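Colleague: I am new to this structure and would like a close look at a single part of it. Please take one place in the chain, describe how exposed it is, and then work outward to what surrounds it.

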Amino acid sequence: IDSLGNEDEYFRVNGLCLRNTRIFNMLGVPAVSVPCATTGDGLSIGMMIATRPHQEALALSLAYALEQHLNL
């Protein structure tokens, strides 16, 4: 966290965090990533749920339903 005080480092890390959702953001499409599994080396695997523009509530309700189904 301390390294994020540096503006260049903040934007580098922020870009890495948002790289998978960037296309949805550019298109104005609501999207949410839901963790679904973990690899053998501890990395998490997520499923991206995207809906039509202005359907944020649907994206979030689908994500919630998936979380409940997966018992996350």
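Modeller: His-54 counts as exposed, because its relative accessibility is 70% and the cut-off for that class is over 50%. Please keep in mind throughout that this is a predicted model. His-54 sits in the loop that runs between β2 and α3, the helix of residues 56-70, and its backbone is worth a careful look, since the residue has a positive phi of about 70 degrees although it is not a glycine.

On one side of that loop is β2, which covers residues 44-50 and pairs with β1, residues 31-38, in the antiparallel sense over seven bridges. The two strands form a hairpin with five residues between them, and in the turn there is another positive phi, of about 90 degrees, at Gly-42. To follow the pairing by eye, you can start from Val-32, which stands opposite Ile-49 in β2, and then go to Ser-33, which has Met-48 of β2 opposite it.

On the other side of the loop is α3, and in this helix lies Ala-63, which makes a useful contrast with the loop residue described above. Ala-63 is buried, because its relative accessible area is 6%, and the limit for that class is under 20%. Leaving aside residues up to four places away in sequence, Ala-63 touches Val-32, Val-34 and Ile-49, so that the pair Val-32 and Ile-49, which stand opposite each other in the hairpin, both appear among the contacts of this helix residue. For a sense of distance, Ala-63 and Ala-37 are 26 residues apart in sequence, while their C-alpha atoms are 14 Å apart in space.

Towards the N terminus, Ser-3 belongs to the segment before α1, the helix of residues 7-18. Ser-3 is partly exposed, with a relative accessible area of 44%, and from its C-alpha to that of Val-13, ten residues away in sequence, the distance is 9.9 Å.

Stepping back to the whole protein chain, you will find three helices and two strands, and from the N terminus on these elements run in the order α-α-β-β-α. The radius of gyration is 15 Å, well over the 11 Å that the globule rule gives for 72 residues, so the chain is more spread out than a compact globule. Along the principal axes, the C-alpha atoms fill a box of roughly 40 × 35 × 15 Å.

Of the 72 residues, 14% count as buried, and Ala-63 is buried too. Among the contacts with a separation of 6 or more, 31% are accounted for by residues 24 or more positions apart. The chain exposes about 5,700 Å², of which carbon and sulfur atoms supply 57%. As for charge, there are 4 positive and 7 negative side chains, and the centres of these two sets lie 11 Å apart.

Notes. Residues numbered from 1 in each chain as written. Predicted model: local features only at pLDDT ≥ 70, side-chain atom pairs only at ≥ 80, totals over all residues. Heavy atoms only, no water. Pairing = 2+ DSSP bridges. Helix = DSSP H or I, 4+ residues; strand = E, 2+ residues; numbered from the N terminus. Rg over C-alpha atoms; globule rule 2.2 N^0.38 Å. Buried < 20%, exposed > 50% of the residue type's maximum accessible area, 1.4 Å probe, protein only. Contact = heavy atoms within 4.5 Å. Areas by Shrake-Rupley, 256 points an atom, 1.4 Å probe, with all protein chains shown as cover. Lys, Arg positive; Asp, Glu negative; His and termini not counted. Charge placed at Lys NZ, Arg CZ, Asp CG, Glu CD.
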